[in-house]
Amino acid sequence: MAIVMSVVNQKGGVGKTTTTVNLGAAIALSGKRVLLIDIDAQSNLTTHLGLGGKEDPQDLNEVPQGPEWTVYDVLKGTKRIQDVVIKRSANLDVVPSSLLLSAADLELGGVVGRELLLKRAIEKVRDSYDIILIDCPPTLGLLSLNALAAVDKVIVPVQSEYLALHGVRQLLDTIDQVRGIYNQALVVGGVLICLHDSRKRLARAVADTIRAYFGQLVFNTIIRENVALAEAPAKGQSIFEYMPKSTGAEDYSSLAEEVLNVKA
């Protein structure tokens, strides 16, 4: 049965999608069966892996054609989760997202048990995978609540820059509330320092502050700033497909080992 984890931080630009994609890809390369679920209406994970349709940069009015069925249809109850899974590569499957998900908060607002829709869907495929990773939106709304109610662990990426911990207290409070109401087994699986530039004094100081605040919860692995990590989404590829010898690939391989060792 799969361990289910989400990558959560309501602050944008801290490396949530990059971590979900490349941690999942690294674990899949180790031979484990991995399912990635994109529950962000921005569909960044879906696009990162080349599943979001092609966009013409010369035509700003063009709407890219993405997958026919997405996690939106699963939450609405019109499709089973196994019906929307896309086989992305060996050992790596994806449940894509779409802009339709942006209306989910309103459309699902009156549904009884709306906080547990994703959890119920995942239970139907949990035996088919070793690891399920959920990429969350940069808010603590209904979609993130569904993710927190569905997972065993959360990974919190934080950027080693000023205001890195801004909002993290609110996230931890939300996790406590979800644990008390919907998911008693929910734990923080780890805090990941991302986009780190060790040449900067401020980055080193912030990293020390993060370690002092979270203690043993902080992963030993640090994701260093690496231009290849920023370029890979434009090619619709993980870092292991785009530049397997890069420091980004090296860092996410190391993180995968940590995650799998903790799981074991």
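In the predicted model, strand 1 and strand 6 pair in the parallel sense, and three bridges connect them. One residue of this pairing is S6, whose bridge partner in strand 6 is V154. Strand 1 is also joined to strand 5, which spans residues 131-135; the two run parallel and share five bridges. Here M5 has L133 of strand 5 as its bridge partner. Strand 1 itself covers residues 3-7 and is mostly covered, with four of its five residues buried.

Strand 6, made up of residues 153-159, is followed by a loop that leads to helix 8 (168-181), and Y162 is found in this loop. The relative accessibility of Y162 is 64%; a residue counts as exposed over 50%, so Y162 is classed as exposed. Together with L163 and L202, Y162 forms a nonpolar patch on the surface. The accessible area of the three residues together is about 360 Å².

A residue with the opposite assignment is A25, which lies in helix 1 (residues 16-29). A25 has a relative accessibility of 7%, and because the cut-off for buried is under 20%, A25 counts as buried. A25 and A90 are 65 residues apart along the chain, while their C-alpha atoms are separated by 9.5 Å.

Aromatic side chains were examined next. A search of the whole structure finds one aromatic pair. This pair consists of Y213 and F214, and its geometry is edge-to-face. The ring centres are 4.8 Å apart, and the angle between the planes is 75 degrees. Since planes over 60 degrees apart count as edge-to-face, the angle of 75 degrees falls in that class. The two members of the pair differ in their cover: F214 has a relative accessible area of 10% and is therefore buried, whereas Y213, with a relative accessible area of 42%, is partly exposed. The value for Y213 falls in between the limits for buried and exposed, which are under 20% and over 50%.

Another aromatic residue, W69, has a charged side chain over its ring. K79 lies over the face of W69, at 4.3 Å from the ring centre. For a lysine, this assignment requires that NZ be within 6 Å of the ring centre and within 35 degrees of the ring normal.

How values were computed:
Residues numbered from 1 in each chain as written. Predicted model: local features only at pLDDT ≥ 70, side-chain atom pairs only at ≥ 80, totals over all residues. Heavy atoms only, no water. Patch = residues over 30% accessible without salt bridge, like charges linked within 9 Å, V, L, I, M, F, W, Y side chains within 5 Å. Areas by Shrake-Rupley, 256 points an atom, 1.4 Å probe, with all protein chains shown as cover. Salt bridge = Lys/Arg side-chain N within 4 Å of Asp/Glu carboxyl O. Buried < 20%, exposed > 50% of the residue type's maximum accessible area, 1.4 Å probe, protein only. Phe/Tyr/Trp six-rings, centres within 6.5 Å; stacked < 30°, edge-to-face > 60°. Pairing = 2+ DSSP bridges.
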